[in-house]
Amino acid sequence: MATNFLLNENDGQYYTGQQYFNSEAAGSGSGKALPVTTFNTDLVSAFNSSAIQIGSASNFEVYFRTGNNAYKKLKENNLSVAGNIITIFHSGLIYEDGTTVLSGSVIPTGDYYVQLKSSAKAYNYGEYQYIKLDDIINNFIVAYVGADKLIASCKRSDIVFHARRSMQEFSYDTLKVIKAQELSIPASLKVPFPKDYVNYVKVSWIDEVGAKHVIYPTRITSNPSEMYTQDSDGEAVQDDFSKNLQISSVIEKRYSETDIDITRTSPDDYRYSKDSRALGARIGLLPEEAQVNGKFTINDREGCFSFSSGLVNKLILVEYVSDGLAITEDMRVPKLAEQAMYMSIAHAILSSRSRVPEYIVNRFKLDKRVALRNAKIRLSNIKIEEISQVFRNRSKWIKH
Amino acid sequence: MINVDDVYKTVLLILNKEQRGYITPAEFNKIGAQVQNEIFENYFNDINQYLRQPQTDFDYSDRAEYMDEKIAQFKKEGTVSGSSGIFTVPTDLYRLGSVTYTSGSQEVELQKLGRREFYNIINSKLTAPSLSYPVFLQEDNTRDTHTKILVYPTTIASDSIKVQYLRKPGGGTDNVDDPTWAYTVDEDTSGYIFAGTTTGTTVTPSTGAKNFDLHIAEKTEVIKRILLYAGVIVKDPVVLQAMSSELAKDKQLEKS
């Protein structure tokens, strides 16, 4: 029979998100603490130990056995979590249906199971392809730091710093941590950047069949970073507190009111003359603007994407990269890039220390580069059958 | 543990062999405490030196490991008391090793920082103390003992914190837990008789005998060092010179 090694979870925990705790002793007074759960996912409770709601929703439920194969769900406000240990509070403990759990004012002896909610379960699926950043740090300390090793000693805070910086750098161009938000464009034509936004990858509008149409950034206009009132000499006018009087952007207003891509049915619409503002017309065509999907600009002043007017009310998909450190759930690395992380941390530490011979630094620089390249090749996920299929698009184009 | 009576009798035997002199139990006890502390303090320099030299992994021959074995009897784990991030460590703490706290089923080690480093680290969002990477400062509020640790984040509860440390040799209070050759006086001969496990008013000192709290392998080292001091007491340059040269030879052998 196979025994788990790196795997934490049994089949029930992974596929159905359930962990059973049988024959648990009774609980009273300060409550009943269940044994520590061993899901890959950390448990989060929406309630604290005083039954006060501290979050929008827990990511788990607890069921208590009431008869043969019959379990009833405990009300969530009696459950709190610390270090993946669920504590069931005794006072006023009831089932979800409102009936009491207590027997003679104590939580009775019995069987429990913890059920992950669907979102937590979904996060858990496929988790094995990742290794947590904390595990990378611990592994690095074990394997690369110590007596008789190249890094004889190193403060943990230094390792944490370099590991997190590596995580950021990897997120930008190596890892497949592209996030995507499904949004619709309001009348203001502005959509704020996602809260963990670092840079966009692609912005598309979605048609009726769910297909993506890439919206391109435009260079024909830009968003000003500052607009202030000027006097007749062109100098800025200040308010009573010596601060420049701000006005709204005329450039943005004009661009948003211009119908540059909605009425045209195709990029080579001959009805537009070469001096038309609607760049992309047949005569005087500017190829980079010759598309009908719409345009956007990056408005750093207001921290948002500004879209062209034809996209109002459209459903869009904003794909972007973050830095992998915004939330704890992001702090994981695909195992295909694990070695590249170790090499990156080692190189960062050795290259920033004094009295490390340059040939050692160079060796690790090379090791890092090789591991990083390897990780990029692996993560680019090129499969011969798939790429052959993509290449077939080429023959179609020639025939056309 | 090294039997204090064995050491005292061996020292007397060597000293008296050629009628060189005699050291009293009181003198022996003072020298004993001094020697015990000297040997104990040297462990840390020695282990540091060994760790900087390549060692063999052949059984029983790794010097760093051997030194660690000698220190092992002083290693302890204890709990702290206090709240809001300020905790008092066990009273028998001599040197602090590590501080950990229990988070669920995991033991998380706290990183030791100095004040200046701490102020830098908390200002960087990438390195600021967290429950995954907590830190502590070790600061004293009395002159001679390490009594306080300041833990960050301060939400870590005292009952989850453990300290791993080296206790003081002898176990506790100076002058009481030092190695002691306790005795009673023979009424007929007025000679000193080793008191063994006896305590009380008939015994000098009344707290009774205490063995040397060192690894058994240190017995010869203890005897040689006591003889070195005894050479000073009995004003015998021959003993002094012989023991100095013996100890230097030992040291050279250990470190080569």
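This briefing describes a predicted model, its confidence scores, one sheet and one surface patch. Local features need pLDDT (the predictor's confidence in each residue, from 0 to 100) of at least 70, side-chain atom pairs count only at pLDDT 80 or more, and totals for chains, interfaces and linings use all residues. Residues are numbered from 1 along each chain as its sequence is written, chains are lettered from A in the order in which they are written, and side-chain values use heavy atoms, without hydrogens and water.

**Confidence**
- The model has an ipTM of 0.79 and a pTM of 0.83.
- In chain B, the average pLDDT is 85, and 93% of the residues score at least 70.

**The sheet of chain A**
- Seven strands (DSSP runs of E, at least two residues, numbered from the N terminus) form an open sheet in chain A with mixed pairing, in the order β9-β15-β11-β12-β13-β14-β10.
- Because β9 (178-184) and β10 (190-192) of chain A each have a single partner strand, one side of each is left without a neighbour in the sheet.
- On average, neighbouring strands of this sheet are turned by 30° against each other, direction ignored; the axes are lines fitted to C-alpha atoms.
- Strands β13 (residues 295-299) and β14 (residues 304-307) of chain A pair (pairing requires at least two DSSP bridges) in the antiparallel sense over four bridges.
- A:Thr297 has A:Ser306 in β14(A) as its bridge partner.

**The surface patch**
- A:Phe5, A:Leu6, A:Leu7 and A:Tyr128 make a nonpolar surface patch of about 480 Å².
- A:Phe5 lies in the segment before α1 (11-16) of chain A.
- A:Phe5 is exposed (over 50% relative accessible area, 1.4 Å probe, protein chains only), at 75%.
- Such a patch joins nonpolar side chains (Val, Leu, Ile, Met, Phe, Trp, Tyr) within 5 Å, from residues with over 30% relative accessible area and no salt bridge, that is, no side-chain nitrogen of Lys or Arg within 4 Å of a carboxyl oxygen of Asp or Glu.

How values were computed. Patches are made of residues with over 30% relative accessible area and no salt bridge: like charges are joined within 9 Å, nonpolar side chains (Val, Leu, Ile, Met, Phe, Trp, Tyr) within 5 Å. Accessible areas come from the Shrake-Rupley method with a 1.4 Å probe; for residues, only the protein chains shown count as cover. Buried means under 20% relative accessible area, exposed over 50%, partly exposed in between (1.4 Å probe, protein chains only). Axes are lines fitted to C-alpha atoms, for helices over the stretch in contact, and angles run from 0 to 180 degrees between N-to-C directions.
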